[in-house]
Amino acid sequence: MSLAVLPAAPDARLRLGLRAGLGLFILLLAVMPLLNLLPVSHPLHVSDFLVSITGKWICYAILALSLDLAWGYAGILSLGHGAFFALGGYAMGMHLMRLIGPRGSYGHPILPDFMVFLGYQELPWYWLGFDSFPFAMLMVLLVPGTLALVVGWLSFRSRITGVYLSILTQAMTFALMLAFFRNDMGFGGNNGFTDFKELLGQPLNTTAMRSGLFYASLLALVLSFLLCLRITRSKYGRVLTAIRDAESRVRFLGYDTTRHKLFAFVLSAMLAGVAGALYVPQVGIINPGEFSPANSIEAVIWVAVGGRGTLVGAVLGAFTVNGLKTWLTSAAPDLWLFVLGGLFVLVTLFLPKGLIGLAKGRTK
Amino acid sequence: MSGGRRLYLDGVSVVFDGFRALNNLSLIVEPGELRSVIGPNGAGKTTMMDVITGKTRPTQGTVNFGEIDLTRMDEAGIANLGIGRKFQKPTMFDALTVFENMELALKAPRGPIACLRWKLTGGARAQIEQTLEEIGLQERAQDLAGILSHGQRQWLEIGMLLMQDPELLLVDEPVAGMTDAETEQTAALLVRIAGRRSVVVVEHDLEFVRALGRRVTVLCDGSVLSEGSIDHVQNDPRVIEVYLGR
Ligand SMILES: Nc1ncnc2c1ncn2[C@@H]1O[C@H](COP(=O)(O)OP(=O)(O)O)[C@@H](O)[C@H]1O
Ligand SMILES: [Mg+2]
């Protein structure tokens, strides 16, 4: 009997439908900067605000994807993914700071303003190389990746899992936040980095640059999705799922689960770093607040709301929850945290498979 | 089987909070041998398998497979040496299909990159389908493992064990939840497997052990009470006392 000729299960059809929906959605996003060019009076005109906020959400969607890979597939519930996002952002921020050059308020040829203000005489060694774009991009991957490698190795090797791992990762992002708040760390302390001028030789404050960053993020989202899809549909993806559901059993089949989890965790951290790096030039600032534990928890809620272990759900969740947040924070700012908490409770209790699960329920 | 490795346990004790689950246990399983292990509940049969497969570290004693000291290795390392295990409570991956469970068990490079690059070749597929047929699950290949009945789960786990192509199989209570016909089939399968590989079967069902018809070890309170043919141990007064006296 050939297995290939079996009819596609309803599940597979649904998955196909969801992917088609996602493709359409990406297309929709792709025309937004074009519609922004239409005159304001035109009915299809998309406002600057909407384009710029959508650009941010695209970065959040990449972060959600990365978290889904770690949590939804490998079962690593990281409550510190915001730290990887922030580190990617800081690496990009350092590059942008170096590119300011003598245009800072103090006019120092090399040192960023905050260093002049704090009385630095020369650039700290760990700032060297960040004037180069390729080097900075490498750091966007390597810094979060290395942190994930160290934290992951220490915990997976000691078989720290479940809630203990979640607490550990949460402590990690909290500790980083405190560290980055300190002025003597050399990362601008409280204020972080801002007043960026240019990237790749182009000024940041032009429509062309904004569209460029938007499309770069969209491309990164598509590539991240395809990468995650490739991973999760491979036998490696099935090993991760097996580890998520019965890690000890996987070991008895001869898989070194520490290595498998580490591989997924590091990859996921790197994706989160890319998301952060694309986010920073679009919002024009990075500060220690990005390490706030609440950010990491929010990312978990996006994935939970969308439906974990589905990839499409992560993207869906990032856009819906952030859409809701933007709308609510202007309509009823005091309510947002309650709504977010309530949303999480509701989804956990009634929609364990998230919005995607809702769609699944309908096709059956 | 020439070139096979013998399993050698000597003076093995496992102490949980002062309780001796294994007490100075010694056991040798020759290459190609089929050995049945019986004993009352709590005798330490599962603990013995835990010690061999690296799940539990012995408090003292020697556990060797050929020349290799198993007490220094982790579960994955021991599995890759060629020691496969079927658990007393069948455990598999419920979110994966029967076929995917078999594919994960199939002997192949186990690293992340190798798994990422893995392509199911015709040969591997044929091997999986053939084993599925042998365990009677070919019709269920595309079903999620989570929806199988208890007996089918037993079969699937035996199938997964076969896919690993181990040199030594540790089979913990394989026929619990099986019909009489299935029990007979399982006995026949294990007898067929042995010879090419060593097999250690833990079982309560004495009829099943009789059907296997090989050397039997009786465990009680963590050590060997009696060893020999099924007739020998069934007539051993100490065994009778343990089985009937309780
Ligand atoms: N992890 C453990 N911690 C404490 N006691 C255990 C543990 N594992 C097994 N035991 C005890 O060891 C004894 C032997 O158990 P087990 O090997 O499962 O017996 P069997 O498989 O022969 O029924 C039992 O009394 C059991 O309660
Ligand atoms: Mg047992």
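This report walks through a predicted model, looking at how chains A and B meet and how chain B is built.

## Where the two chains meet

Let's start with the contact between the chains. Chain B puts 34 residues into it, and chain A puts in 27 residues. Between them the two chains bury about 2900 Å², with 65% of that on carbon and sulfur atoms. On the chain B side, the residues that lose the most area to chain A are Phe93(B), Pro112(B) and Leu116(B), which together make up 23% of what that side buries.

There's some charge in the mix too. The rule finds 4 salt bridges across the interface of chain B and chain A. For one pair to look up, try Arg249(A) and Glu157(B): their side chains meet in a salt bridge, at 2.9 Å from N to O. The interface also has 11 residue pairs in polar contact, both residues being at pLDDT 80 or more. Which parts of chain B give two or more residues to the side that touches chain A? They are helices H2 (75-81), H3 (98-105), H4 (112-117), H5 (122-134) and H6 (150-163) of chain B. Sorted by type, the residues on that side of chain B come out as 17 nonpolar, 7 polar and 10 charged.

## The four-stranded sheet of chain B

Now for chain B itself. One open sheet has 4 strands, ordered E2-E1-E4-E5 in chain B, and the pairing is antiparallel. Strand E2 (19-29) and strand E5 (68-69) of chain B each have a single partner strand, so one side of each has no neighbour in the sheet. Helix H1 (residues 45-52) of chain B packs on this sheet, where it touches strand E1 (7-16), E2 and E4 of chain B. The direction of H1(B) makes about 115° with that of E1(B).

How do the strands line up? E1(B) and E4(B) run antiparallel and are joined by 5 bridges, with Asp10(B) having Thr62(B) in E4(B) as its bridge partner. Strand E4 (residues 60-65) of chain B is in turn joined to E5(B) by 2 bridges, again antiparallel. Here Asn64(B) has Asp69(B) as its bridge partner, while Phe65(B) stands opposite Ile68(B). E4(B) and E5(B) make a hairpin with 2 residues between them, and Gly66(B) in the turn has a positive phi of about 60°.

## A stop at Asn24(B)

Asn24(B) sits in strand E2 of chain B. Leaving aside residues up to four places away in sequence, Asn24(B) touches Gly11(B), Val12(B), Ser13(B) and Ser223(B). For a sense of distance, take Ile240(B): Asn24(B) and Ile240(B) are 216 residues apart in sequence and 22 Å apart in space, going from C-alpha to C-alpha.

## The six-stranded sheet of chain B

Chain B also has an open sheet of 6 strands, in the order E6-E7-E8-E3-E9-E10, and this one has mixed pairing. At the edges are strand E6 (83-86) and strand E10 (223-228) of chain B; each has a single partner strand, so one side of each is left without a neighbour in the sheet. From one strand to the next, the twist averages 20°.

At one edge, E6(B) pairs with strand E7 (residues 168-172) of chain B in the parallel sense over 4 bridges, and Gly84(B) has Leu169(B) in E7(B) as its bridge partner. H6(B) packs on the sheet here, touching E6 and E7 of chain B, with its direction at about 175° to that of E6(B). Helix H7 (residues 180-193) of chain B lies across strand E3 (34-38), E7 and strand E8 (198-202) of chain B, and H7(B) runs at about 150° to E8(B).

At the E10(B) edge, strand E9 (residues 216-220) of chain B pairs with E10(B) in the antiparallel sense over 5 bridges. Val218(B) stands opposite Ser226(B) in E10(B). E9(B) and E10(B) form a hairpin with 2 residues between them, and Asp221(B) in the turn has a positive phi of about 50°.

## Salt bridges overall

Searching the whole structure turns up 27 salt bridges over all chains. One of them joins Glu298(A) and Lys325(A), whose closest N and O atoms are 3.1 Å apart. That pair links distant parts of the chain, 27 residues apart: Glu298(A) is in helix H10 (residues 293-306) of chain A, and Lys325(A) is in helix H11 (residues 312-331) of chain A.

Conventions: Residues numbered from 1 in each chain as written. Chains lettered and ligands numbered in written order. Predicted model: local features only at pLDDT ≥ 70, side-chain atom pairs only at ≥ 80, totals over all residues. Heavy atoms only, no water. Contact = heavy atoms within 4.5 Å. Buried area = accessible area lost by both parts, 1.4 Å probe. Polar contact = N/O pair within 3.5 Å; in protein donor to acceptor, adjacent residues only side chain to side chain. Nonpolar A, V, L, I, M, F, W, Y, C, P; charged D, E, K, R; others polar. Pairing = 2+ DSSP bridges. Axes fitted to C-alpha atoms, helices over the stretch in contact; angles between N-to-C directions.
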